Amino acid sequence: MAPTINKKNKKCIIVIMASGVTVLLVLALIIGINLAKEPDKKELKLVHIIFRHGIRTPADTYPTDPHVNDTLYPVGWGQLTNEGKMEMYELGKFLRQRYDNFLGDFYHPNEFYSQSTGVDRTKASVQLVNVGIWPPKTKQIWGPLNWQPIPVHSELLSQDMLLLVRKPCAAYHKERDKVVASETVQKKFQENQALFNYLTQHTGRLVENFDDVQDIFSTLKAEMDYNLTLPSWTNECYPDKMLEATVFSYTLNAWNDKMNRLKGGVLLNKIINDWKSKVNERDLEHPQKAFLYGGHDSTIVNFMRTLKVWDTQFPNYGVTVLLEFSILDGEYGLEVYLRNSTSVPPFKLNIPGCNDFCPLTKLLEVTRNVVPINWEEECENDGSYEVPEPGGP
Ligand SMILES: *[C@@H]1O[C@H](CO)[C@@H](O)[C@H](O)[C@H]1NC(C)=O
Ligand SMILES: *[C@@H]1O[C@H](CO)[C@@H](O)[C@H](O)[C@H]1NC(C)=O
Ligand SMILES: *[C@@H]1O[C@H](CO)[C@@H](O)[C@H](O)[C@H]1NC(C)=O
């Protein structure tokens, strides 16, 4: 039986309903205001991670090296050491922690892409970082190991057009020659001539420029990290004097916009295109979330100097750049972090001409000069200039 409602009760119900609606409206208003006032919500959309491989055995030697005949068995030359393996695995775990929610539980090939240079120690490093990022969970557990295979892409070293840019480029070297001939850099050469001479005398090879010093520095550092004894002549110059010259060698190879445009600018261009694609992306089921790039000391310095965020320092093993592209208040933009220590959080860096959240539009403006438009053409490979053999990595 339906309850009968008399006129008075009806009026009462209407009043109650009306006040209920009012309360709801007021509540909605308060919530609305609060939503509007809530601190700007930033949503991560895409991250690029660029890092240098882990601690390795020496990749090179010199004629008088007491370890010149070592086989370094069973590790081999220029390969990751056990410490280096652990370092890379730990880097992966750090990344898992930092991007846990964003990456989600499952590796999916559309969402995550990893690439190494065509060098063993870097390929091994990328694999290990992947182990730390992607321990299999539930549906992806396949067998006895807490590990799943993650594909690692790479380019042939001689054809590298991303992380090392090893394809010959005359314009880059012509510009570098000009820089070397400049007064500022010639003065540096003079200041270091005694060091070059000293190294030439003791290493049994000609040391005449900063890259030569870097080469020997890297060998000594790797030998020392591997607990091999260094000859006593090194006490005089290793690490301090050699470190300074080595750090300068990286700077010299990424000196100005013109040089950076043809080296680090290649990777920057690729990443800018990823950001643009992200802005134009529409409702994909598995959108791209992260790119992981394993490279070398020069990969890091060249890229960071191209973005003008490199505080001159030695690019040690495992140094990692985090490019976090997110949407804030409806605007897409970038934040840059450098992880150069495992004991402190990554440093946040500011791109000159930009705030610490650098909107994409602004970013395109400030990087215009360092992004190649037609790399092949700009490189002037017309055969009139003999491009030197690449050193390293
Ligand atoms: C390395 O091997 C060469 C050839 O056998 C030998 O002449 C040289 O003395 C060795 N060097 C060292 C440091 O053992
Ligand atoms: C070098 O020596 C240190 C200190 O004894 C040790 O912790 C490290 O594992 C050694 N490294 C190698 C590669 O043997
Ligand atoms: C690490 O990077 C930050 C930011 O560029 C810099 O200030 C700091 O000196 C670096 N630390 C080392 C040990 O080089």
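Q: How many bridges join strand β1 to strand β4, and do the two run parallel or antiparallel?

A: A strand pairing is read from its bridges and from the sense in which the partners run, and in this predicted model strand β1 (residues 42-52) and strand β4 (residues 290-295) run parallel and are joined by six bridges. One place to look is Arg52, which stands opposite Gly295 in β4.

Q: Which other strand is joined to β4 by bridges, and by how many?

A: Strand β2 (residues 112-116) is joined to β4 by five bridges, and these two strands run parallel. To find the register on screen, one can start from Tyr113, whose bridge partner in β4 is Phe291.

Q: How does β1 run relative to β5, parallel or antiparallel?

A: Here the sense is antiparallel, with nine bridges joining β1 to β5, and Val47 stands opposite Glu324 in β5. From there one can follow the pairing onward, since β5 and strand β6 (residues 331-339) also pair in the antiparallel sense, over nine bridges.

Q: What is found where β5 passes into β6, and which residue takes a positive phi there?

A: A hairpin is read from the residues between its strands and from their backbone angles; the hairpin of β5 and β6 has two residues between the strands, and Asp329 takes a positive phi near 55 degrees. Beside this turn, the bridge partner of Leu328 is Glu331 in β6.

Q: Is Ser326 buried, exposed or partly exposed, and why?

A: Burial is judged here by counting neighbouring C-beta atoms, and a residue is called buried at 20 or more within 10 Å and exposed at 12 or fewer. Ser326, which is found in strand β5 (residues 320-328), has 19 other C-beta atoms within 10 Å and is therefore partly exposed. Over the whole protein chain of 393 residues, 32% count as buried.

Q: Which residues does Ser326 touch, once those up to four places away in sequence are not counted?

A: Ser326 touches Lys42, Glu43, Leu44, Lys45 and Gly333. A further relation across the sequence is that of Ser326 and Lys278, which are 48 residues apart in sequence and 9.7 Å apart in space, taken from C-alpha to C-alpha. For the protein chain as a whole, among contacts between residues at least 6 apart in sequence, 77% join residues at least 24 apart.

Q: What surrounds ligand 3, and how does that shell divide by residue character?

A: A ligand shell is read first by its members and then by their character: ligand 3 is surrounded by Asp311, Gln313, Leu338, Asn340, Ser341 and Phe347, and the shell divides into two nonpolar, three polar and one charged.

Q: How is the protein chain divided into domains, and how many residues of each are in contact with the other?

A: The domain assignment gives domain 1 (58-168 + 257-378) and domain 2 (170-253), with C-alpha centres that lie 26 Å apart. Across the boundary, 23 residues of domain 1 are in contact with 24 residues of domain 2. On the domain 1 side, α9 (257-262) and α11 (297-306) each supply at least two residues, and the residues of that side divide into eleven nonpolar, seven polar and five charged.

Q: What is the radius of gyration of the protein chain, and how does the value compare with that of a compact globule?

A: The protein chain has 28 Å, whereas a compact globule of 393 residues would have a radius of gyration near 21 Å. The C-alpha atoms fill a box of roughly 110 × 50 × 40 Å along the principal axes, and the protein chain contains 13 helices and eight strands.

Technical notes. Residues numbered from 1 in each chain as written. Chains lettered and ligands numbered in written order. Predicted model: local features only at pLDDT ≥ 70, side-chain atom pairs only at ≥ 80, totals over all residues. Near = placed C-beta within 6 Å. Nonpolar A, V, L, I, M, F, W, Y, C, P; charged D, E, K, R; others polar. Helix = DSSP H or I, 4+ residues; strand = E, 2+ residues; numbered from the N terminus. Contact = placed C-beta atoms within 7 Å. Domains from an automatic or database assignment. Pairing = 2+ DSSP bridges. Rg over C-alpha atoms; globule rule 2.2 N^0.38 Å.
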